[in-house]
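Colleague: I'm new to reading protein models and I'd like some help. Could you walk me through a few features, one at a time?

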Amino acid sequence: MVIFAVLLVLGLGLWIWCKQPGLPVEDVLPSHPLLFARLTHVREHVNEAINSDIGKNIAAINFLDVLSRNNSSPKDIDDFQRWQKDVVKFWDNPLTKKLLDKEAAVSVYQNGGSYRVFVVLRLTLSTRIAESLGGLSRHWGDDVSVRRQKYDGRVINHLLFKKEKLELAYVRIKDLLIVAPEPLAHLEEVVDVYRHKNNSLATDSSFNFIRRNAYLGGDGLVFVNFNLFSNLWRGSRLTPLGYQAAAFPVYGLSYVPGVVSKYKMMVGVDENYMPSDMRKAFSCSAVANDTLKLVPFNAIFYDWGGCYDFGRSWDAIKQRLEENPELAQRAVKLKDRIEQHFNIDIKKDVLPVLGHEIGGYLTDVDMQGSYPFPLPRFLVFVKLQDRPAAERLLDKITHASVLTPKTEEYNHVVIHYISSSLGANMDPGYGFLGDYLLLATSRQLIKRSIDAYNDSFRSIMSDDVVEQFSLAKGNKFHSMTLMKTAELSRRAQDFLGWVDKYLSDRVTMAAAYQKDGDNKKHELDQAIADKKAELILAQKKLTQLKSASLMDVSFEDPSFVNGAIENLSREENSIRDDIAYYKKQKEDLSQFMDNYATSAQSAKLAMYNMDTVVCPLLKGMESIDTQAVTVRYDDKILETEFWVK
């Protein structure tokens with residue numbers, strides 16, 4: 001009975017001990033890191049990545065063969081093979097899986113001209129008990145020596161891996177194991193932070209700025225503090241690049257997994273270091289995106305921006321051109337010809353009618369048509385500030401156009417289009433829908449936008465992902481991108497199939513040229529041999545004639561002999577010229593054949609890389625249904641959210 005009571009008390013104490021909240025990683029790490037990264041459920045995330053379609057396809061790639069075919073050096077191949085084996089060995093180690101079962105973090109600090117690194121691991125109950133009983137030491141192996149150092153009530157263990165010539169140190173504080181490479185470990189500093197003798201990461205204002213804006217309860221968090229490089233840009237000699245870098249001093253990334261996984265990139269903003277143009281751009285307010293109602297349900301890519309300033313972009317282009325006078329002169333001539341032809345002034349007539357919203361969508365890439373190249377089917381829309389002025393402007397432009405436009409009224413909207421010999425899907429046109437100007441590669445796309453605009457069930461608004469990604473419901477953004485990743489991946493594979501056929505034709509053509517070239521070279525070799533035989537015969541005749549004229553002085557007409565010698569000399573020179581010409585033809589042909597052989601070899605390598613590396617990656621990406629990217633910013637922070645389903 002007593003034994004039972006003792007066991008019950010021990011079990012109850014162990015249960016209470018296990019239920020105690022874990023020590024926050026931020027409470028043991030020093031403040032002001034250059035980099036901090038944390039991930040919970042590490043083993044689960046790694047296994048999920050390994051077992052995903054993308055992970056399986058990557059694992060199936062024979063990277064050693066890829067490196068070899070791409071002419072990597074034997075040293076690089078050996079280094080990669082050794083690294084690959086080390087990674088597998090590290091991950092298959094039972095201790096690694098125990099240590100990475102719950103949470104892991106890494107923090108990097110600048111230490112003069114070098115850097116200190118702390119790795120923090122949250123221990124499971126069994127690992128904590130094993131570490132308390134010294135059970136971890138058996139995992140290090142016989143070639144590892146352990147030296148223990150006591151500091152302020154804690155034991156710092158110093159490990160020497162003799163075979164790898166690697167030194168590490170670690171200390172356990174509650175359920176955290178803090179590891180650092182020697183000789184810059186300085187784990188005493190970690191103990192001092194825990195004892196509140198030094199400031200912790202939890203008191204770092206820059207880190208807390210990122211943490212406040214991160215997802216609550218997220219699995220992953222990354223923090224980068226560019227403020228600590230301030231000596232590079234905050235001096236008296238501030239370069240333009242340094243000035244812009246100083247405007248974005250801190251960066252962060254937050255991650256939440258799920259059926260819809262979310263990633264948020266956060267960038268701290270310091271307006272004091274922003275150029276005036278950038279400050280104006282950041283003063284633009286976020287707006288609700290009403291253009292989703294223009295996008296048909298079958299769109300596979302969509303992009304929208306709500307703060308585009310055409311006037312400022314025009315001025316920026318002019319300023320860039322001033323840096324290249326020759327290019328600027330050609331650009332000005334082109335602009336003048338366009339304005340003269342259409343009788344318009346771009347700055348006065350075009351820019352003022354355009355609003356600040358611009359975007360577009362893609363529905364397909366046609367690779368089966370009668371044309372010899374892929375044709376994307378896309379539509380671009382621009383919000384207008386003055387629709388009547390825009391209508392008058394486009395009427396003026398179309399009437400001055402070489403091609404005669406046609407019109408069609410569809411659901412009370414007039415569509416202007418140009419018939420094309422490429423087929424019904426390539427009759428580019430434009431139309432006005434509400435406050436938006438629609439420009440499309442096909443009038444059929446304009447019709448689809450009109451249908452979507454009038455019936456939300458035919459627009460992308462009816463797709464569940466719009467709600468799951470929080471893209472509508474009056475939420476305000478500065479820009480938005482939506483991608484049907486699986487469909488885009490399939491289109492990309494179709495495009496690679498078209499590229500593969502194109503490259504295959506080049507290889508076949510090169511083989512045909514090689515065969516024809518070999519025949520031509522054989523003909524040239526024969527022609528050169530024949531000419532050499534003629535040259536030898538001519539040289540013999542010339543030698544005989546000269547000898548005969550010297551030995552027989554009884555010739556009554558020496559001029560006849562001299563004329564014959566001159567004729568033979570000219571014939572000899574002509575034959576030499578023919579031989580030189582044939583040799584030059586052969587050299588040019590050899591160079592031409594070498595170029596084609598090199599081109600064919602490059603094409604074969606590109607086909608191999610596409611088939612072995614790119615296609616498996618794209619195939620794996622078919623497991624990702626949809627992705628979205630949204631951007632919002634103000635005078636304090638720039639937030640970019642990524643949604644993955």
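Modeller: Sure, let's begin with a turn: in the hairpin of strand 17 and strand 18, two residues sit between the strands, and Gly434 takes a positive phi near 65 degrees. Keep in mind that this is a predicted model, where local features need pLDDT of at least 70, side-chain atom pairs count only at pLDDT 80 or more, and totals for chains, interfaces and linings use all residues. Residues are numbered from 1 along each chain as its sequence is written, and side-chain values use heavy atoms, with hydrogens and water left out.

Colleague: What counts as a strand, and when do two of them pair?

Modeller: Strands (E, at least two residues) and helices (H or I, at least four) are DSSP runs, numbered from the N terminus. Two strands pair if DSSP finds at least two bridges between them. Here, strand 17 and strand 18 pair in the antiparallel sense over five bridges, and Tyr430 stands opposite Leu439 in strand 18.

Colleague: Which residue stands opposite Leu439 in strand 14?

Modeller: That's Val380. Strand 14 (residues 375–384) runs antiparallel to strand 18, and five bridges join them.

Colleague: And what does strand 17 meet on strand 16?

Modeller: Three bridges join strand 16 to strand 17 (residues 429–433), again antiparallel. Tyr430 turns up here too, as the bridge partner of His416. Strand 16 is also joined to strand 15 (residues 406–410) by five bridges, and those two run antiparallel. Tyr410 has Val413 as its bridge partner in strand 16. Strands 15 and 16 form a hairpin with two residues between them, and Asn411 in the turn has a positive phi of about 55 degrees.

Colleague: Is strand 16 mostly covered or mostly open?

Modeller: First the rule: buried means under 20% relative accessible area, exposed over 50%, and partly exposed in between (1.4 Å probe, protein chains only). Strand 16 (residues 413–417) is mostly covered, with four of its five residues buried. Strand 18 (residues 436–440) is mostly covered as well, again with four of its five residues buried.

Colleague: Where else should I look for a positive phi in a residue that isn't glycine?

Modeller: Try Asp152, with a positive phi of about 50 degrees. Asp152 sits in the loop between strand 4 (144–151) and strand 5 (154–161), and counts as partly exposed at 32% relative accessibility. Then there's His196, whose phi is near 65 degrees. His196 lies in the loop between helix 9 (187–194) and helix 10 (205–213), and at 72% relative accessibility it counts as exposed.

Colleague: How many disulfides are there?

Modeller: A disulfide is a pair of cysteine sulfur atoms within 2.5 Å, and by this rule the count comes to one. Cys284 and Cys307 form it, with their sulfur atoms 1.8 Å apart. Cys284 lies in the loop between helix 12 (276–282) and strand 11 (287–288), and Cys307 in the loop between strand 12 (301–305) and helix 13 (310–322), so the pair ties together parts that are 23 residues apart in sequence.

Colleague: Why is this disulfide called left-handed?

Modeller: Because the torsion about the S-S bond of Cys284 and Cys307 is about -75 degrees. As for accessibility, Cys284 is partly exposed, with a relative accessible area of 25%.
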